[in-house]
Amino acid sequence: MLVILRYAPPNRCRRFAQDDNAATSYGAGNHTMTEKHPEMHPVPAKLSLWRRALARVGIETNPASRWHVRLRPRFFAIVLGALVLGVIALAVLAAWSTSPSFCRSCHIMEPYYQAWANSKHKEVSCVECHYPPGSPQTILWKKFQALSQVAKFVTRTYSSKPYAEVEDASCLRSGCHAARLLRGRVVSEKGVLFDHTPHLVVGKHIEVTWDTCFLCHLKKPAIAAGAATSASAPSHGGADAAEPGDPHRVACLDCHLLPDEPIRAGNITYNHKEFLHLHGVACRACHLEVTQGNGEVVADRCVTCHNQPEKLARIGEVAFLHENHVTKHNTACFHCHREIRHGAQAAGTKPLTYDCATCHTDTHDLQRAIYRGVGARGAPPMPSPMYLANVDCVGCHLVKKAPGNGVSHEETLVGSEKGCTACHGPEYNGTLDSAHTIIREGVSKLEEKALSLRTSTSALSLSKADRALLDADLDDAVHNIGFVRDAHSVHNIYYAAQILRSTDDRLNAAAGRLKVKVADASELPVISGGFCATLCHAKVGVKVPSEKVLYKGREMPHLQHFEQGIACTNCHTFGVHKQVELRSPPPCGECHEE
């Protein structure tokens, strides 16, 4: 086959013949023949390296004209062979790219490959899940995305945290899980009842394990405040029913079937149906700690994927987080939540290492509240100075108290005077007992005062509004007095003094409003504020301010007022430690004419 890209006219050939060195190449022999001396034998001409290389692949060129090209059959054979080999190579590469070994070729995919290799889906290739069934355009788009990941790996622009989403269509394709949706409520191999239908409204998922069930149904509180549930959700009745108001938590019998046969433990036989239905025994009577963990979300897990402050700040928006992580992006539950373990132990094997909260709920709640300076009615918050300094319970509870029988290993850390002197020195010996005495005295006096006011007003003919106001004053007084009494108010004597002082003021106001006489408690140290001087100041040498102080440009005989027995609270208001202010307006006019 001969392809002429440019035709050389005869006159140009004659021009070449005038020069003995001019030559025309014919065929593979590359011989030279001159028109001037036709009787001469052809002399081989030396071709350049690149022309010889082209000739080897079937492309011959004329040295005198760079546009004179001749394509030999060898060229077309080579092109055809290359095309065939390219198609075969692409087919092999395409087949290999759909195999798990191809995914494993990137070192960052090794942990994901191992997770697949040890899962129940190890016989299912990666593309069966990651490529949803669809049109060729969908498959090509997925191929393009996969190739872009290869390009990122080669160029080292890939992320160290690869992420992929599996669509439900992949799970529900023919031959996989499509038939499960038609079975309705079934019993698993562990004897647990389950129905796919009510769970499809929750969202999408990548993989469901037993831990996923535990997280949704055993977590406290509910998944989302006010979250809507399907009308076909399982009922929550039966023994050990779920907590009211929590649509996701389930009762034991919502999932578990009672054994048909009696259970033998040791030499005793138990029939579950008899105990639960006839005797009303709760499941937790024998299966108490069957659930461990809270399934909480800790902020540390957020930073594994996010580093934007505005996103990290939304950790408390439960509905938003579930919609954007689970519903839209199929994020597995345990990327964010801690696991919840659930299961019963064999009879006779429980270690009984229960958490205190199993039996004792909200223990020390009053002590915690008064230490933080909250919990009273009508008194502003006032945290203890030690709370503000981050002093914890064990900072003062230093003494170990044992049962005293010499057999038990039980120990309880209790508060003692050692907790005061360990930090403040031996000058504070006796402070703890004195504080208890002062608080008990104040509580006792106010209890008597509140009871006296209630008794004195019980027979009065009051309007409905006046009676309601009096009842509110008395109810708040009873609450506050009981709070100070039971909270061991030495945890925060400043807050206790403020509570009792405000309670005394309200009782006095109610008595004055109804013209009823009650006892005066203003001179009590815990109410007057004198406890500061008697409890601590005198012990450590803190003295009353100088003999005279300036007030509005005038000298005021401060020491004289103190020596006359005028209570500190007559002129001052007390807050936390070292926070003493003059009353507003100043009460000077109550004693002085000017």
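How many helices and strands does the protein have? There are 24 helices and 14 strands. Bear in mind that this is a predicted model. Some notes from going through it follow.

1. **Overall picture.** The protein has 594 residues, and buried ones make up 22% of them. Its accessible surface comes to about 40000 Å², with 59% of that belonging to carbon and sulfur atoms. If you take the contacts between residues at least 6 apart in sequence, 56% of them join residues at least 24 apart.

2. **The main core.** The largest nonpolar core contains 39 residues. Leu453, Phe483, Tyr495 and Phe531 are the ones with the most contacts inside it. Six helices each put in at least two residues: H15 (365–372), H18 (431–457), H19 (464–486), H20 (493–514), H21 (525–528) and H22 (531–540). H20 gives the largest share, with 11 residues.

3. **Leu453, one of the core's best-connected residues.** Setting aside neighbours within four places in sequence, Leu453 is in contact with Leu470, Leu474, Leu507, Ala510, Ala511, Val516 and Val518. Two of these names turn up again in the next point: Leu470 and Leu474 are among the buried residues of H19.

4. **Helix H19.** With 23 residues at 1.5 Å a residue, H19 should span 33 Å, and its end C-alpha atoms are indeed 33 Å apart, so the two agree. The buried residues here are Leu470, Asp473, Leu474, Asp476, Ala477, Asn480, Ile481, Gly482, Phe483 and Val484. Note that the list includes Asp473, Asp476 and Asn480 alongside residues such as Leu470 and Phe483. What do the buried residues of H19 pack against? They pack against H15, H18 and H20. After the helix comes histidine 488, with a positive phi near 50°.

5. **Helix H20.** This helix has 22 residues and reaches 31 Å from first C-alpha to last, close to the 32 Å expected at 1.5 Å a residue. Of those 22 residues, 16 are buried, so H20 is largely enclosed by the rest of the structure. H20 is followed by lysine 515, whose phi is positive, near 60°.

6. **Two polar residues in H20.** Serine 502 is found in this helix, and so is glutamine 498. Are they buried or exposed? Serine 502 has 16% relative accessibility and counts as buried; glutamine 498 has 12% and counts as buried too. The side chain of serine 502 reaches the backbone oxygen of isoleucine 499 at 2.9 Å. Beyond its neighbours within four places in sequence, serine 502 is in contact with Gly378 and Ala379. On the same terms, glutamine 498 is in contact with Ala379, Pro380 and Met382. Ala379 therefore appears in both contact lists, for serine 502 and for glutamine 498.7. **Cysteines.** In case you were wondering about disulfides, the count comes to zero. Why is cysteine 255 not in one? Its closest cysteine sulfur, in cysteine 213, is 7.9 Å away, which is too far for a bond. For cysteine 333 the closest cysteine sulfur is in cysteine 216, at 5.3 Å, again too far for a bond. Cysteine 333 counts as partly exposed, at 24% relative accessibility.

8. **The loop between S8 and H15.** Aspartate 362 is found in the loop between strand S8 (341–342) and H15, and histidine 364 has its place there as well. Most residues other than glycine have a negative phi. Here aspartate 362 has a positive phi of about 55°, and histidine 364 has a positive phi of about 60°. Aspartate 362 is exposed, with a relative accessible area of 59%. Histidine 364 counts as exposed at 52% relative accessibility.

9. **Proline 587.** This one lies in the segment after strand S14 (580–582). At 11% relative accessibility, proline 587 counts as buried. Which residues does proline 587 touch, not counting those up to four places away in sequence? They are Asn570 and Cys571. Histidine 572 is 15 residues from proline 587 in sequence, and the C-alpha atoms of the two are 9.2 Å apart in space.

Notes: Residues are numbered from 1 along each chain as its sequence is written. This is a predicted model: local features need pLDDT of at least 70, side-chain atom pairs count only at pLDDT 80 or more; totals for chains, interfaces and linings use all residues. Side-chain values use heavy atoms; hydrogens and water are left out. A nonpolar core is a set of buried Ala, Val, Leu, Ile, Met, Phe, Trp, Tyr and Cys residues joined through side-chain atoms within 4.5 Å. Buried means under 20% relative accessible area, exposed over 50%, partly exposed in between (1.4 Å probe, protein chains only). Helices (H or I, at least four residues) and strands (E, at least two) are DSSP runs, numbered from the N terminus. Contact means heavy atoms within 4.5 Å. A disulfide is a pair of cysteine sulfur atoms within 2.5 Å. A polar contact is a pair of N or O atoms within 3.5 Å; within protein, one must be able to donate a hydrogen and the other to accept it, and residues adjacent in sequence count only if both atoms are side-chain atoms. Accessible areas come from the Shrake-Rupley method with a 1.4 Å probe; for residues, only the protein chains shown count as cover. The expected span of a helix is 1.5 Å times one less than its number of residues.
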